[in-house]
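Colleague: I'm new to this structure and would love some help finding my way around. Could you pick one part and take me through it closely?

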Amino acid sequence: MDPQAQGPRAIDIYVDILLLVLLVAAALVVVTLRNLLAAALVLGIYSLIMAALWVVLDAVDVAFTEAAVGAGVTTVFMLLAIAATGRHEKIAHRRPWLPILASLAVGGLMIFGTLDLPAFGDPQAPAQQHVAPHYLEQGEAETGVPNIVTAVLASYRGFDTLGEVTVIFTAGIGVLLMLGVASRRRRAGESDDDDTGDRS
Amino acid sequence: MTEHLVLRVISKLLIPPILLFALYVQMHGDYGPGGGFQAGVIFAAGLVLYGLVFGTAAVRAVAPPRLLVVIACLGVLLYAGVGVASMIGGGAFLEYGALSADATHGNHVGIIIIEIGVGIAVAAVMTIIFSVLAEWR
């Protein structure tokens, strides 16, 4: 959608503002909550709002991932981690001034950096002029796949995606080795009849 | 969680459509939004819901950890294997066009196969992480 030709409709702006306000509110709630169980749930809500924003930005594939991973599975993983450790944050006795200062400085620099960015949706922006036109014009003819996102991820950037799958695989193996083997060994020490099905 | 009748009944109703939807997202990633990664996560979400309501032993019975590890390895190997197959076909690593006489057709086939590799690897890894975290004491 070309913003110059069509102009943003008022309803789009209201939806954007509503979602962004909710997003910031959810982020602030996560930071201030001491109850980690509640914080994990609000983080799931944050991801859901983010997914809605991706839909507004027409990035449905990213919205899909955000909703499934961020709001769905990650929330469950967080809750399980909290169940295994403890549900209350330790209260710090002194104010963390240095981290606050560092966060504000980095955040300020990033906002300062956005001032030099091309206008939102600018068709002349370098990102829109590099390889994107080729993908959009030739993608379907070259790959036979109408969904350009899939064509880019799986074919044009296939090597990157192989790397990503390897990262996920490594994460799974890491969790299995660190937590799975340790807890199995501990259980085997407690009782010998337990967990005979899957010794590796 | 054996007491919660509503949760158990609703989960039993929901889990089959979730798994079916994952397969839909897997096979339609080239036409609509989605793909192997999303499909794998949704499939794992179905198993996670099953585990949350019926216990991790139930998930273990459906998807034994040993089998999951094998599936995760197979997924990555399937992806890399398509790359090697392209090289055998005379192209570069992961140049799917070399898989078939028609480059476009080869590309489409390659994308479908690697998406399946991504899907099964992601589904297996997410389920492994869930089972391990849920049983960690």
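What follows is a close look at one helix and its surroundings.

Colleague: Could you tell me about helix 5 of chain B: how many residues does it have, and how far does it reach from its first C-alpha to its last?

Modeller: Happy to! Please keep in mind that this is a predicted model. Let's begin with the chain that holds your helix. Chain B has five helices and zero strands, so to speak an α-α-α-α-α run when read from the N terminus. Its C-alpha atoms fill a box of roughly 60 × 30 × 15 Å along the principal axes. Of the 137 residues in chain B, 46% count as buried. If you take the contacts in chain B between residues at least 6 apart in sequence, 62% of them join residues at least 24 apart.

Now to helix 5 of chain B itself, which covers residues 103-135. The helix has 33 residues, and from its first C-alpha to its last it reaches 48 Å. That is close to the 48 Å expected at 1.5 Å a residue. Helix 5 of chain B is largely enclosed by the rest of the structure, because 27 of its 33 residues are buried.

What surrounds it? Part of the answer lies with the other chain. In all, 45 residues of chain B are in contact with 42 residues of chain A. On the chain B side, the elements that give two or more residues are helix 2 (36-54), helix 4 (65-88) and helix 5 (103-135). Helix 5 of chain B gives the most to that side, with 19 residues. By kind, the residues on this side of chain B divide into 30 nonpolar, 10 polar and five charged.

The helix also has a part in the largest nonpolar core, which has 65 residues. Val41(B), Ala121(B) and Val125(B) are the members that touch the most others. Both chains supply this core: two or more residues come from each of helix 3 (36-56), helix 4 (60-84), helix 8 (148-156) and helix 9 (158-190) of chain A, and from each of helix 1 (5-27), helix 2, helix 4 and helix 5 of chain B. Again helix 5 of chain B gives the most, this time with 17 residues. As background, nonpolar side chains tend to be buried together in soluble globular proteins.

Ala121(B) is a good residue to click on. Leaving out residues up to four places away in sequence, Ala121(B) touches Val165(A), Ile168(A) and Phe169(A) in chain A. Within chain B, its partners are Gly40(B), Ala72(B), Gly75(B) and Val76(B).

Finally, step back to the loop between helix 4 and helix 5 of chain B, where you will find Leu94(B). Most residues other than glycine have a negative phi. Leu94(B), although not a glycine, has a positive phi of about 70°. Leu94(B) counts as buried because it has 23 C-beta neighbours inside 10 Å, and 20 or more are needed for that. Chain A offers a companion case in Asp58(A), in the loop between helix 3 and helix 4 of that chain. Asp58(A) is not a glycine either, and has a positive phi of about 65°. With 9 C-beta neighbours inside 10 Å, however, Asp58(A) counts as exposed.

Notes. Residues numbered from 1 in each chain as written. Chains lettered and ligands numbered in written order. Predicted model: local features only at pLDDT ≥ 70, side-chain atom pairs only at ≥ 80, totals over all residues. Contact = placed C-beta atoms within 7 Å. Helix = DSSP H or I, 4+ residues; strand = E, 2+ residues; numbered from the N terminus. Nonpolar A, V, L, I, M, F, W, Y, C, P; charged D, E, K, R; others polar. Buried ≥ 20, exposed ≤ 12 C-beta atoms within 10 Å, placed from the backbone. Expected span 1.5 Å × (residues − 1). Core = buried A, V, L, I, M, F, W, Y, C linked by C-beta atoms within 7 Å.
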